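Me: Got a model open here and want to talk it through. Can you walk me round it?

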Amino acid sequence: MKVDVLLGLQWGDEGKGKVVDVLTPGYDVIARFQGGPNAGHTLEFEGQKYVLRSIPSGIFQGDKLNIIGNGVVLDPALFKAEAEALEASGHSLKERLHISKKAHLILPTHRLLDAAYEAAKGDAKVGTTGKGIGPTYTDKVSRNGIRVGDILHGFERKYAVAKARHEQILKSLNYEYDLTEQEKAWMEGIEYLKQFSLVDSEHEINNFLREEKSVLCEGAQGTMLDIDFGSYPFVTSSNTVCAGACTGLGVAPNRIGEVYGIFKAYCTRVGAGPFPTELFDETGDKMCTLGHEFGSVTGRKRRCGWIDLVALKYSVMVNGVTKLIMMKSDVLDTFQTIKACVAYRLNGEEIDYFPYDIEENLEPVYAELPGWMTDMTKMKSEDEFPEEFNAYLTFLEEQLGVEIKIVSVGPDREQTIERYTE
Ligand code: GDP
Ligand code: IMO
Ligand code: MG
């Protein structure tokens, strides 16, 4: 059996959580492979809305097993709050959620370091989610991290050593703080974690594959935020691309099956960094308003712009996308004209690739298509799609070279349309 991977192709918030939830009935296991509580995955069904940060989005559909893999970074305090809220709303977790012992812990001092590094960068700050993601992955790579499995052996000493090292750095940055409250909640989170199955998830997942069980890997963030291939340094600190599922779960590359690439019918970005198709006019404001483009973790306003096919082609390439999923098409239901960036103009020359240095004078070159001007939010089948909408899909498929298999026409689980046309 192979594992399928579902991941974002833009700058995050494409709607991964919604689609993982929709696809979950077709799988036995759902596994997160990277990122941490910087993610905010929103699901809506039966009039309820849930935002998941560390817990995989397969948690609401039946008895599926959900796994937090070794590539994830976990904040025990935030995890406890998230898990308790789910349990309080009637969704039991303890039997259905396994956590890799090799996942790294986000310490309270990692969050302080995140804030201190951002403050020190001044105008060049990344605009992180402030969840300690960068400093935790830094400690992992520099072999100073503490892993979930460590809470069972020699934890106090490891914690004291890491905390002392972090406090020294914070002192050198003249960063003032009071850890008391955060540390208390964090230690409670550590005790809470012990109630869960802490596992060697690479063995677990490979055993499932041998037993012909199906696994869906849920990505966080998006390809343009990947530490290697994103718009560096305005990126997150993990590999968000498909290969991250191999290292973040212990799945061999030849075990990867379908790669679902998700994108919005337009484009958003939260935080700092280049965004060639960003709109600063009323069209951008309209996308923001109709798409409710405010961060699910930080509440920050998301920057909005037209779809960027240059960046998307790059994402399709580095991920080996086999099936595309287009989200939030309903947000464009009232736009007379739809634009799609097909190239950039750089110093008077047209280029069709994402350049190493994303200069400020990078100008998008647009193709224009007629809008469909139809409310699509209640549609149930592709037979109802307006002609102009089909033309938009065909145009995107031709540009990207991959079929669009699912179209989302609203935030609810039910507002999802599978396409069967070949
Ligand atoms: P994720 O991080 O990729 O899971 O995406 P987020 O949950 O951060 O952001 C996507 C937002 O769009 C959420 O508020 C979803 O409820 C919402 N959403 C998802 N699909 C659609 C859609 O097709 N139409 C509309 N209007 N909203 C959607
Ligand atoms: P989901 O999974 C959108 C962005 C931050 C910042 C940069 C680095 O919901 O799509 P970090 O805290 O990771 O060090 O921040 O990455 N970012 C996201 N943007 N969606 C996310 O996750 C994000 N996770 C991080 O805004 O620009
Ligand atoms: Mg999100």
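**Cores and ligands**

Reply: Sure, and bear in mind that this is a predicted model. Let's start with Leu332: leaving out residues up to four places away in sequence, Leu332 touches Ala265, Tyr266, Met287, Trp306, Ile338 and Trp372.

Me: Which residues touch the most other members of the largest nonpolar core?

Reply: Leu332 again, along with Phe263, Leu324, Met326, Tyr392 and Leu396, out of 58 residues in that core. Helix α11 (residues 387-400) supplies the largest share, six residues.

Me: What does the second, separate core include?

Reply: That one has 31 residues, among them Leu43, Phe45, Tyr50 and Leu86.

Me: OK, switching to the metal. What coordinates the magnesium ion (ligand 3)?

Reply: Asp13 through OD and Gly40 through its O, at 2.0 to 2.2 Å.

Me: Where do those two sit in the chain?

Reply: They are 27 residues apart, in distant parts of the chain. Asp13 is in the loop between β1 (3-8) and α1 (16-23), while Gly40 is in the loop between β2 (29-32) and β3 (41-45).

Me: Is Gly40 buried or exposed?

Reply: Buried, because its relative accessibility is 11% and the cut-off for buried is under 20%.

Me: And ligand 2, which residues come nearest?

Reply: Asp13 turns up here too, with Lys16, His41, Thr129 and Thr236, from 21 residues around ligand 2.

Me: What about backbone contacts?

Reply: Polar backbone atoms of Asp13 and Gln221 each lie 2.8 Å from an oxygen atom of ligand 2. For Val270, the distance from a polar backbone atom to a ligand 2 oxygen is 3.1 Å.

Me: How much of ligand 2 does the protein cover?

Reply: 98% of the 550 Å² of accessible area that ligand 2 has on its own.

Notes:
Residues are numbered from 1 along each chain as its sequence is written. Chains are lettered from A and ligands numbered from 1 in the order in which they are written. This is a predicted model: local features need pLDDT of at least 70, side-chain atom pairs count only at pLDDT 80 or more; totals for chains, interfaces and linings use all residues. Side-chain values use heavy atoms; hydrogens and water are left out. A nonpolar core is a set of buried Ala, Val, Leu, Ile, Met, Phe, Trp, Tyr and Cys residues joined through side-chain atoms within 4.5 Å. Buried means under 20% relative accessible area, exposed over 50%, partly exposed in between (1.4 Å probe, protein chains only). Helices (H or I, at least four residues) and strands (E, at least two) are DSSP runs, numbered from the N terminus. Contact means heavy atoms within 4.5 Å. Donors are N, O and S atoms within 2.8 Å of the metal (3.2 Å for Na, K and Ca); water is not among the atoms, so sites may look incomplete. A residue is near a molecule or strand if one of its heavy atoms lies within 4 Å of it. A polar contact is a pair of N or O atoms within 3.5 Å; within protein, one must be able to donate a hydrogen and the other to accept it, and residues adjacent in sequence count only if both atoms are side-chain atoms. Accessible areas come from the Shrake-Rupley method with a 1.4 Å probe; for residues, only the protein chains shown count as cover.
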